[in-house]
Amino acid sequence: MARNPIKDQVAIVGIGSTGFDRHGRRTPASLATEAAASAIRDAGLTAKDIDGVVSTGEPAAPAPQQLAAMLGLSDVTHYPKTTPVVMFALIDAMNAVFSGSADTVLLYNSVYRLPWNSRGAAADPFRRHYTTGVSASPESMSNAVAYTGWASRYLHEYGRTREDLGLVTVNARSNGTRNPLATLRDPITMDEYLSARMIREPFGMLDMDIPTDGADAFILTTAERARDLPHPSVLLHASSTGTAACLAEDQLIDLQHHGQHVVAKNLRDKSDLWLEDTDVFLPYDGFTIITLGWIENLGWCGPGEAGDFLREHWDKDTDRVLINGRVPLNPHGGALAEGATRGSGYVREAVTQLRGDAADRQVEGARTALVASGGFFFNPQGLILRTE
Amino acid sequence: MPERTTQFTDTDVLERYPSTPIDLDSIELYRGWLEERLLLSRCAECGHWHHPPAPLCPKCWSFDVVPTEVSGQGTIHLLILVHQGAPAPGVDYTEGPHPVATVELVEQVGLRFTSTVIGCPPEDLRIGQSVSLAWVDRGGAPYPVFHLDPSVEAGAVHGS
C-alpha cells in the first residue's frame with residue numbers, strides 16, 4: 001500500500017461562488033474577492049482566521065498575496081500559485097494544513113475570458129487593454145525598485161549612512177573568494193563600494209545582486225529513507241513564508257511591520273533551534289537593505305542597529321563577518337558575489353556546510369543552518385536545517 | 001460601479017493612457033486624471049481609504065468603494081533618485097537623476113501615492129518635506145506630480 005499519512009486528516013469547511021456567466025464585465029479580482037469572502041463567511045470564520053491562500057494559477061487571476069491584501073488578511077504564512085487545473089491547488093492546500101504551513105487555507109479559482117477566448121470578450125475594451133498589471137512609468141515604487149525606496153526610509157528613520165549597506169557587500173565579496181561556484185571571486189574595499197556608479201540613489205551598482213546564468217537542483221525524501229543514502233542526513237527542521245497585508249510596495253505599513261516579521265515569528269514558534277544554535281547564517285542579499293532587515297528582524301540586534309552589529313562582529317583578518325568570532329554570514333558570497341541564484345545558492349550552501357563538504361570555507365562542526373530568503377513584501381521565507 | 005462624473009468615456013481613458021494597466025476596478029482613478037482630479041478609493045460604509053484601487057474595502061469587505069478626491073497634500077515618505085530607468089516623455093536621465101517620491105497623504109496614515117517631484121533640484125529633496133499635487137502633460141494626457149509646498153500644515157500631516 002502507498003504511503004498516505006494525510007488520510008482523513010484535512011476537511012473542506014466552507015464554499016463560496018459568484019456563479020458563472022459569459023456576459024459579465026467584472027474583474028478577476030472582484031470575482032475572486034467575492035467568492036473568497038463568501039467561503040470564509042460560510043465556514044463561520046473571519047479574515048483573522050485565514051493564514052493560507054492558494055491560487056489555482058489561472059492566468060488573469062490575482063496573485064495569492066494580492067488577494068490576501070485585498071481581503072485585509074495579515075500574517076499569511078502559505079500562499080503559493082499552483083498550476084491549473086484545480087487539484088494541484090487542492091493537494092497543496094491539504095499538504096499545507098497537514099504539515100502546519102498554515103492552519104486554515106483559502107483556495108480560490110477565478111476564471112476570466114481573455115480577448116482571444118470569445119467574440120464577446122474581444123468586444124470588451126477592458127479585455128483588449130489587458131496587461132500584466134505592471135506600469136511602464138518611471139514613477140514606480142513596485143517590485144525591485146521598492147527596496148531602494150525603503151532603503152531611503154531606513155537611512156532617514158534611523159539616521160544611518162550607506163556604509164552600513166556597504167558592509168554587506170564587502171562581506172559577500174570576501175566570502176566569494178572562497179567559493180569556486182561564485183560569479184565574482186575578487187574582494188572589494190568600502191571605498192570601492194562607495195564610489196561605485198549610482199543607479200537608483202541610495203543604491204549604486206554594488207547594492208544589487210549580480211545577474212548570472214546557472215542552475216541548482218535538490219532531491220528530497222523521508223528522513224527514514226535518507227539514512228540509507230550515501231550522505232549525512234540534512235533535515236528540514238522548520239520553514240515558513242510570510243506576507244503582511246499591503247496591496248502595493250509603497251503602501252507597506254512601515255519598516256517594523258512587514259513579511260520578514262511574520263516569517264521570523266512563525267519560524268521561531270515552530271523551531272527547537274534558534275539564533276544561539278545557528279552555525280551558518282544565510283540571509284538573502286539580492287539588495288543590501290534586505291540583509292540588514294533580516295539581521296534586525298530575526299533578532300540578532302534591534303531596529304536600525306544592523307550596521308553596528310556587523311562592525312561589532314567584523315573579523316579584520318578576513319575582512320568579513322564572523323558572529324561571535326565563529327558564525328559566517330553567507331560564506332558562499334550570497335547573491336552579491338556568487339550571483340543572483342534567486343535563493344537556491346543559500347540552500348545549497350546550507351546543505352554543503354552541514355555535510356561538512358565546504359572545503360576552506362567550512363564552519364567547523366556545523367550542525368544548524370538558518371536560511372532567510374526573500375525580501376520585505378510578498379516573498380519573505382525562512383528555513384532551518386540541521387544534521388542528525 | 002460608481003456614477004460617472006465626467007464626459008470622458010471608458011474608451012477615452014484607455015486610449016489616453018495606453019501603456020497604463022487599467023481595469024474596471026481602477027478606471028475612475030484615470031478618468032479623474034483626465035480632468036486633473038486625484039480620486040482615490042474610499043469605502044462608503046466605513047470611510048477607510050485604500051490604494052491602489054481594489055474592488056472591495058480591505059477593512060470591512062464592502063464592495064461600495066467610491067473614488068473620492070484627495071487634497072493632494074502630504075509629505076515625502078520614500079525618495080529615490082533614478083539615474084537610469086524607464087523612458088517617458090519629458091524624462092531625460094542624461095540631464096541628471098529623476099526623483100521618484102512616495103508621498104504620504106494627509107487624508108489617512110499610510111495612504112500613499114507615488115510620482116515625481118518637480119520644480120526643485122533633486123539633490124535638495126528630502127524625506128519629510130511637505131508637498132502639494134500639480135499636473136503636467138505627459139504624452140498628451142494629464143499626469144499627477146508633486147511640488148514642494150511649505151504651506152502644507154505640519155500638524156495635518158502624518159508619518160513625517
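User: Let's start small: which residue does D315(A) stand opposite in strand 8 of chain A?

Analyst: Strands here are DSSP E runs of at least two residues, helices are H or I runs of at least four, and both are numbered from the N terminus. D315(A) stands opposite R320(A) in strand 8 of chain A. Before we go on, note that this is a predicted model, where local features need pLDDT of at least 70, side-chain atom pairs count only at pLDDT 80 or more, and totals for chains, interfaces and linings use all residues. Residues are numbered from 1 along each chain as its sequence is written, while chains are lettered from A and ligands numbered from 1 in the order in which they are written.

User: How many bridges join strand 7 of chain A to strand 8 of chain A, and what sheet do these strands belong to?

Analyst: Two strands pair if DSSP finds at least two bridges between them. Strand 7 and strand 8 (residues 320-323) of chain A are joined by two bridges and run antiparallel. They sit in an open sheet of three strands with the order 7-8-9 (chain A) and antiparallel pairing. Strand 7 (314-315) and strand 9 (327-328) of chain A are the edges, each pairing on one side only.

User: Over in chain B, is strand 1 buried or exposed?

Analyst: Burial is a neighbour count: a residue is buried if 20 or more other C-beta atoms lie within 10 Å of its own, exposed if 12 or fewer, and partly exposed in between, with C-beta atoms placed from the backbone. In strand 1 (residues 39-43) of chain B, five of the five residues are buried, so the strand is largely enclosed by the rest of the structure. L39(B), S41(B) and C43(B) point one way, with L40(B) and R42(B) pointing the other.

User: Which strands does strand 1 of chain B pair with?

Analyst: One is strand 3 (residues 65-69) of chain B, paired in the antiparallel sense over five bridges; there, L40(B) stands opposite T68(B). Another is strand 2 (residues 49-50) of chain B, also antiparallel, with two bridges, where R42(B) stands opposite W49(B). Strands 1 and 2 of chain B form a hairpin with five residues between them, and G47(B) in the turn has a positive phi of about 85°.

User: Why is L105(B) called buried?

Analyst: Go back to the count: L105(B) is buried because 26 other C-beta atoms lie within 10 Å. This residue lies in strand 5 (residues 98-105) of chain B. For contacts, the rule is C-beta atoms, placed from the backbone, within 7 Å. Leaving aside neighbours within four places in sequence, L105(B) is in contact with V70(B), G74(B), L111(B), R112(B) and F113(B).

User: How many residues of chain A are in contact with chain B?

Analyst: An interface's size is often given as the accessible area lost when the parts come together. Here we have contact counts: 40 residues of chain A touch 41 residues of chain B. Helix 6 of chain A gives the largest share of chain A's side, seven residues. By class, that side has 19 nonpolar (Ala, Val, Leu, Ile, Met, Phe, Trp, Tyr, Cys, Pro), seven charged (Asp, Glu, Lys, Arg) and 14 polar residues (the others, Gly among them).

User: Which strands pair across the two chains?

Analyst: Strand 3 of chain A and strand 4 (residues 74-82) of chain B run antiparallel and are joined by two bridges. E201(A) has L81(B) as its bridge partner in strand 4 of chain B.

Definitions and conventions: Contact = placed C-beta atoms within 7 Å.
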